[in-house]
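Thanks, everyone, for making the time. I would like to walk through one model this morning, going from confidence to overall fold and then to two particular side chains.

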Amino acid sequence: MSESLHPAAPHHLPGFITAPGDTDVLMVVVGIILLGAILFVGNIYLQIHSLPERMAHKSQKLQFEIVAVLCLLALFTHNHLFWVIALLLALVDLPDFSTPLRSIAGSVQKMAGIPPDPDPSEPPDQTAAHTPPADASDKTKASVGKSEVQHHA
């Protein structure tokens, strides 16, 4: 029994129509292209989204943290105003108010006769960490040889 085409069917079918049971190559190619396009556009979106964070990375720590939080809020809430604010904050260098205020506080403490508080941004004094206690005996001081290397904890 020969298969005959329906009289209304065209006698020449386009190349993208596959026979029953065959693999649809066009659908596979379009699926791969679609997957690649989604990954590419997603990568571009995340690169643009993290632009304020990368710009504020070289600024002060507090400014960087505020910009990072605003970028995360913009990412998860889809509120573009947060991203715009983060971008503007990353573009503007905030002045350093803490250093002059710390200097003023230290000067006022000197005038009052109070020893100034140590600066939290400076490392602690290294000479105080390596001095032995005042009640250490002379034996322990003499027992430490010159060839012995002391290591930090």
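Before anything else, when I say that one residue touches another, I mean a contact in which heavy atoms lie within 4.5 Å. With that in mind, please also remember that what you see is a predicted model.

Let me begin with confidence, where the protein averages a pLDDT of 79, and 74% of the residues score at least 70. Confidence is highest in helix α1, residues 25–49, with a mean of 95, and lowest in helix α7, residues 138–143, where the mean is 50.

As for the fold, there are seven helices and zero strands. Buried residues account for 9% of the 153 residues, while the protein exposes about 13300 Å², with 69% of that supplied by carbon and sulfur atoms. If we take the contacts between residues at least 6 apart in sequence, 39% of them join residues at least 24 apart.

Turning to annotation, an unreviewed UniProt entry lists residues 25–46 and 67–92 under "transmembrane region". In the model, residues 25–46 are 100% helix and 0% strand, with 32 Å between the end C-alpha atoms. For residues 67–92, the span is 88% helix and 0% strand, and the end C-alpha atoms lie 11 Å apart.

Now to the first of the two side chains, His49, which is found in helix α1. Is His49 buried or exposed? Its relative accessible area is 9%, and because buried means under 20%, His49 counts as buried. Leaving aside residues up to four places away in sequence, His49 touches Cys71, Ala74, Leu75 and Trp83.

The second is Gln63, which sits in helix α3, residues 61–77. Gln63 has a relative accessibility of 2%, and so it is buried by that cut-off of under 20%. Which residues does Gln63 touch, once those up to four places away in sequence are set aside? They are Leu89, Ala90, Val92 and Leu94. Two of these partners also appear in the polar contacts of Gln63: its side chain reaches the backbone oxygen of Leu89 at 2.5 Å, and it reaches the backbone oxygen of Val92 at 2.6 Å.

To close, I would keep two pictures in mind: His49 in helix α1, touching residues that include Cys71 and Trp83, and Gln63 in helix α3, whose side chain reaches the backbone oxygen of Leu89 and that of Val92.

How values were computed:
Residues are numbered from 1 along each chain as its sequence is written. This is a predicted model: local features need pLDDT of at least 70, side-chain atom pairs count only at pLDDT 80 or more; totals for chains, interfaces and linings use all residues. Side-chain values use heavy atoms; hydrogens and water are left out. pLDDT is the predictor's confidence in each residue, from 0 to 100. Helices (H or I, at least four residues) and strands (E, at least two) are DSSP runs, numbered from the N terminus. UniProt positions are given in the numbering used here, feature names are shortened, and annotations may be inferred rather than shown by experiment. Buried means under 20% relative accessible area, exposed over 50%, partly exposed in between (1.4 Å probe, protein chains only). A polar contact is a pair of N or O atoms within 3.5 Å; within protein, one must be able to donate a hydrogen and the other to accept it, and residues adjacent in sequence count only if both atoms are side-chain atoms. Accessible areas come from the Shrake-Rupley method with a 1.4 Å probe; for residues, only the protein chains shown count as cover.
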